[in-house]
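Let's take a walk through this one by following its empty spaces and its packing. Keep the viewer open as you read.

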Amino acid sequence: MQRVVQPDEFEAWYKTEDFPDFFLPTGRMVFTVDALAHALFVTGKAPQDQAVYGWTSVYEWLHRVALIPAYIRRAPTGRLTRSDLARDLDRSEKVALSYTLGQAMTGVFRQQTVSVRFLMHVDRYAARFGIRFAANTRKRADLFGERQTGGWVVAEAKGRSGNIDDELKGTMRAQKRTIRSIGGTPPALAYACAAHFPQYKGVPDHLKLHAVDPRRQSLKPSTSQ
């Protein structure tokens, strides 16, 4: 029996595609408002860099946390939907919001499902961690981190204000494969996540997460699952 979502919690359902059998094809994530705020701020940063800029980092935290009351609403079931303000943004603003939510929800997914301690931006930390890329690659995966049970993980994050399609899934699969090694070691897991607000017959639904295509051959179950 599923536990009841509390008033300070959100609920989001995810679907996995081409994952090994020990991952459920569909699942439910329950997380607090504070957990989402935390993911909005820390996803992409190494722990030692989260407050490296002093008061400037504080203002960044305020900016990112403010996205929740500005753009997110909680349905009676606990599911996430967009505020009227979010629905009324222009296209470029919606893209920016979707990107940020996609990164944050990939952060929530990594903690609850794939047991990665934290995710760092590839562009920011590639040189520090000795990341090597596939040849002739213009687009790169977004994030990487280390699994609690060992091994490097690569994650591509997407966000959409509507449905996702096969073209987007193909793009996600290609980008998450662009990292060949981290510190001389091939990734143990490479997957991609898309956080989106699907529509049914033109009616927007609640936020969902679609995760695709890890590297089956080297993936082991996490003892914390």
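**Hollows and packing around one helix**

The residues lining the largest cavity divide into 3 nonpolar, 4 polar and 1 charged. Bear in mind that this is a predicted model, so treat the side chains as computed placements.

Where is that cavity in the fold? Its walls are made by Ala35, His38, Ala39, Gly107, Val108, Arg110, Gln111 and Gln112. Helix 1 (33–42) and helix 5 each put at least two residues into the lining, and helix 5 gives the most, with 5 residues. The space inside comes to about 70 Å³.

How many cavities of 30 Å³ or more does a search of the whole structure find? There are 2. The second largest cavity has a volume of about 40 Å³, and helix 5 turns up again, giving the largest share of the lining with 4 residues. The full list here is Arg82, Lys94, Leu97, Ser98, Leu101, Ser161 and Phe197. By class, that makes 3 nonpolar, 2 polar and 2 charged residues.

Now for the open space. The largest pocket has a volume of about 230 Å³. Two elements give two or more residues to its lining: helix 5 (91–114) and strand 8 (152–160). To find the pocket in your viewer, select Arg91, Lys94, Val95, Ser98, Tyr99, Asp142, Glu156, Ala157, Lys158, Gly159, Arg160 and Ser161. This lining holds 3 nonpolar, 3 polar and 6 charged residues. Lys94, Ser98 and Ser161 are worth a second click: they are listed in the lining of the largest pocket and also in the lining of the second largest cavity.

Stay on helix 5 and look at Thr100, which is found there. Is Thr100 buried or exposed? Its relative accessibility is 17%, and the cut-off for buried is under 20%, so Thr100 counts as buried. What does its side chain have for polar company? A polar atom of the Thr100 side chain lies 3.0 Å from the backbone oxygen of Ala96. Leaving out residues up to four places away in sequence, Thr100 touches Leu40, Arg64 and Leu67.

Just past the end of the helix comes a backbone detail. Ser115 lies in the loop between helix 5 and strand 5 (116–121). Its phi is near 55°, a positive value in a residue other than glycine. Ser115 is also buried, with a relative accessible area of 4%.

Finally, the packing. The largest nonpolar core has 40 residues, and those touching the most other members are Met29, Phe31, Leu36, Met105, Phe109, Tyr191 and Leu209. Which element gives the most to this core? Helix 5 does, with 7 residues. For a closer look, pick Leu36: setting aside residues up to four places away in sequence, Leu36 touches Phe10, Phe31, Ile68, Leu80, Ala104 and Met105. A second, separate core has 13 residues, including Met120, Val122, Ile179 and Ile182.

Put together, helix 5 is a handy thread to follow: it gives the most to the lining of the largest cavity, the largest share to that of the second largest cavity, and the most to the largest nonpolar core.

Key
Residues numbered from 1 in each chain as written. Predicted model: local features only at pLDDT ≥ 70, side-chain atom pairs only at ≥ 80, totals over all residues. Heavy atoms only, no water. 1 Å grid on protein atoms, 1.4 Å probe; cavity = no way out; pocket = protein on both sides within 12 Å on 5 of 7 lines; lining within 4 Å. Points joined across faces, edges and corners; volume = space filled by probe spheres on them. Nonpolar A, V, L, I, M, F, W, Y, C, P; charged D, E, K, R; others polar. Buried < 20%, exposed > 50% of the residue type's maximum accessible area, 1.4 Å probe, protein only. Polar contact = N/O pair within 3.5 Å; in protein donor to acceptor, adjacent residues only side chain to side chain. Contact = heavy atoms within 4.5 Å. Core = buried A, V, L, I, M, F, W, Y, C linked by side-chain atoms within 4.5 Å.
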